[in-house]
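Please find below a short note for a colleague who has not yet looked at this entry. The sequence and the model come first, and the comments come after.

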Amino acid sequence: MEFSNGTFLEYAADAVVVGAGHAGCEASLALARTGIKTALLTLNLDSIAFLPCNPSIGGTAKGHLVREIDALGGEMGIVADDTALQIRMLNVGKGAAVQSLRAQSDKNAYHRAMKQTLENTENLRIFQAEATEILTENGKCVGVKTHYNGVITCKVVILCTGVYLNGETITGNVVAKSGPNGFAPANNGLTESLIRLGFNVRRFKTGTPARVDGRTVDYSKCEIQNGDTDIYPFSFMHDKAPENKRPCYLTYTNLDTHAIIMDNLDRSPLYNGVIQSTGPRYCPSIETKVVRFKDKERHQLFLEPEGADTHEVYVQGMSTSMPHDVQRAMYASVVGLEHADIMRYGYAIEYDCIDTLDVLPTLEFKKVEGVYTAGQINGTSGYEEAAAQGLIAGLNASLKLRGLPPLVLRRDEAYIGVLIDDLVTKGTDEPYRMMTSRAEHRICLRQDNADFRLTEKGYACGLVKSDRYERYLERKAQYEKLLEELQTRILPKDAVAFLEKYGYGMPSKGVSYAEMLKRSIPLKDVMEYFGVFKEYPKNVLETAEITVRYEGYLKQGLEMIERAKRLEDKLLPADIRYEEIKGLRLEAQEKLNRIRPFNLGQAGRISGVNPADVSVLMVYLASRNEK
């Protein structure tokens, strides 16, 4: 590569990661831990793995993603456990498929722990610098240029720009060039470079609530929410859940709060035209909630500690971009917050992102070899969605450099597979959030069995190391042994009294422990009465209990997966000219030509391609194969 106009060689790497948020951290670690010489660029070292919005990891469906990241050899689950202030299991009153872990994180401790991990990782060098241009030759990535005119040469680049790309914060009528929390934004140089490369760039929006001084909150008026104790941690590398150090609290908005908002709606950037970009549907501002749900007299607000070393409290559920004087009145109207001092006001933030229909399932850009994207640049919201994409993008870039096949997770294999397939097949017109309802095979994609689904794959790719793999093999062996022991039959004389407690009669031939579980008798009750299985760890007991209890549903789920795989196995050649296939509707031709699906299964999930179009493709493939 030739250098001119004051440019100079800053560093020679194999891979460059742009951005050190949750996507960038996982991408960098996936590359470096698999032997790739990696450079990580961040606008500010103090923003590495920063939690700019809610100080938590996990949540509904997001907890599944964290467990999957961990099962593949990622870092988020380990750091979340190590820096948690509180951990809870959500949806415990519902089925196992939708139960999810959520940890209240110590914001500063999380940042410090992840930064330390990155600094001590072999093959990884960190730079505080802004990337302004992706350099290419002959349709391939060859380097990244920084705002200091330095060039870092590389063969692959992973773009993990978060909400910093052309970031602007909005509060009332005040619009400022800024990243989250007052950090500097990335200027438009990189956006212009992406447009030149052929990316379709658009603009999304997210927001955050105020932080209040916890010493000025009247918690006696709020409902306390303590953490759970008898649950497993995020990481399969840890034996027990983190200690619960701080409680959270619950309070509500009221009609006075709603009146203040409605009376000042003309001053809201969301309703007076200042904000034009698309915001998140599933995490709306308090203004949007009050307008959209006029019949509701109140909305939940969670008061969450930001860290052990600060009095800042995050008011979850009250995201806003109202002017400061309106925010003061809004918060003061809430029970428990009447005299709360606002330490940081809420704001909205707009940023540049791309259309993921231009991205392959490997997260590589279709038009330029070696350019990958991950996180909010792909139109997603949430730390967990970002980290999952970062790991997959980094791992696929590593596999490419090592001359190995890519890792593409199917929808029946992981929530990560659902997430990425949705992005590259359907696209998104708003910030995308993972939800359990998006996964059609969720009964098989539980968070308790993430290692059984994914650790072998991570090991084959070189990201899962021997210590993690040995723990996985040990747990799997214990699980299989327990399943066998659960088939042990108990004689009638030993179990009659126990079954009668639950309203069941005793079969003349006895009953197995597994049959008791299928009758909805809790395994812990079986263990206590018969004095069995106490040598097994909790995570093995839980996975085995779910497997036995949901055996019928799991069998149906596996049959559905097999039917879906038959379509996934029918590959679509890369040279298909869809406009020449007779019987395909015009809309289907256009969508198929744009997205270029890999197989019939993916083709059928494209918006605008219906079952009749898939049937036409099947006939076409059959005739092509005959020829």
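The numbered points below take up one helix pair and then a set of individual residues.

1. Status of the model. The coordinates are those of a predicted model. The remarks that follow should be read with that in mind.

2. Helix 2 against helix 11. Helix 2 covers residues 62-71 and helix 11 covers residues 450-461; the two pack with their axes 8 Å apart, at an angle of about 35°. The crossing of helix 2 over helix 11 is right-handed. On the side of helix 2 the contact is made by Arg-67, Glu-68 and Ala-71, and on the side of helix 11 by Ala-450, Asp-451, Arg-453, Leu-454 and Thr-455. Sorted by class, this contact holds four charged residues, three nonpolar ones and one polar one.

3. Glu-413. Where in the chain does Glu-413 lie? Its place is the loop that runs between helix 9 (383-401) and helix 10 (415-426). Glu-413 counts as buried because its relative accessible area is 11%, and the limit for that class is under 20%. The side chain of Glu-413 forms a polar contact of 3.0 Å with the side chain of Lys-457. Apart from neighbours within four places in sequence, the residues in contact with Glu-413 are Val-408, Leu-445, Arg-453, Leu-454 and Lys-457. Two of these names, Arg-453 and Leu-454, also appear in the contact of helix 11 with helix 2.

4. Tyr-479. This residue is part of helix 12, residues 466-485. With a relative accessible area of 13%, Tyr-479 is buried. Which residues does Tyr-479 contact, leaving aside its neighbours within four places in sequence? They are Phe-452, Val-540, Thr-543, Ala-544 and Thr-547. For a sense of distance, Tyr-479 and Ile-275 are separated by 204 residues in sequence, and their C-alpha atoms are 53 Å apart in space.

5. Cysteines. How many disulfides does a search of the whole structure find? The search returns zero. Cys-141 forms no such bond because the closest cysteine sulfur, that of Cys-154, is 3.8 Å from its own sulfur, which is too far; the cut-off for a disulfide is 2.5 Å. Cys-141 is buried, at 5% relative accessibility. For Cys-248 the closest cysteine sulfur belongs to Cys-222 and is 12 Å away, again too far for a bond. Cys-248 is buried as well, with a relative accessible area of 4%.

6. Positive phi at Asn-166 and Ser-520. Asn-166 is not a glycine, yet its phi is positive, near 60°. Asn-166 sits in the loop between strand 11 (156-159) and strand 12 (168-171). Ser-520, also not a glycine, has a positive phi of about 70°. Ser-520 is found in the loop between helix 14 (513-518) and helix 15 (523-530). Are these two residues buried or exposed? Asn-166 counts as buried, at 15% relative accessibility, whereas Ser-520 counts as exposed, at 54%.

7. Thr-373. Strand 22, residues 371-373, contains Thr-373. Why does Thr-373 count as buried? Thr-373 is placed in that class because its relative accessible area is 1%, where buried means under 20%. The side chains of Thr-373 and Asn-378 are joined by a polar contact of 2.7 Å. Not counting residues up to four places away in sequence, Thr-373 touches Leu-159, Phe-199, Ile-354, Val-359, Leu-363, Asn-378 and Ala-393. Among them, Leu-159 falls in strand 11 (156-159), and Ala-393 falls in helix 9 (383-401).

8. Asn-593. Helix 18, residues 586-595, holds Asn-593. Its relative accessible area of 29% makes Asn-593 partly exposed. The side chain of Asn-593 makes a polar contact of 2.9 Å with that of Arg-596. Leaving aside neighbours within four places in sequence, Asn-593 is in contact with Ile-576, Tyr-578 and Glu-579. Asn-593 and Arg-410 are 183 residues apart in sequence, with 22 Å between their C-alpha atoms.

Technical notes:
Residues are numbered from 1 along each chain as its sequence is written. This is a predicted model: local features need pLDDT of at least 70, side-chain atom pairs count only at pLDDT 80 or more; totals for chains, interfaces and linings use all residues. Side-chain values use heavy atoms; hydrogens and water are left out. Axes are lines fitted to C-alpha atoms, for helices over the stretch in contact, and angles run from 0 to 180 degrees between N-to-C directions. Helices (H or I, at least four residues) and strands (E, at least two) are DSSP runs, numbered from the N terminus. A crossing is left-handed if the near helix is turned anticlockwise from the far one by less than a right angle, and right-handed if clockwise. Contact means heavy atoms within 4.5 Å. Ala, Val, Leu, Ile, Met, Phe, Trp, Tyr, Cys and Pro count as nonpolar, Asp, Glu, Lys and Arg as charged, and the others, Gly among them, as polar. Buried means under 20% relative accessible area, exposed over 50%, partly exposed in between (1.4 Å probe, protein chains only). A polar contact is a pair of N or O atoms within 3.5 Å; within protein, one must be able to donate a hydrogen and the other to accept it, and residues adjacent in sequence count only if both atoms are side-chain atoms.
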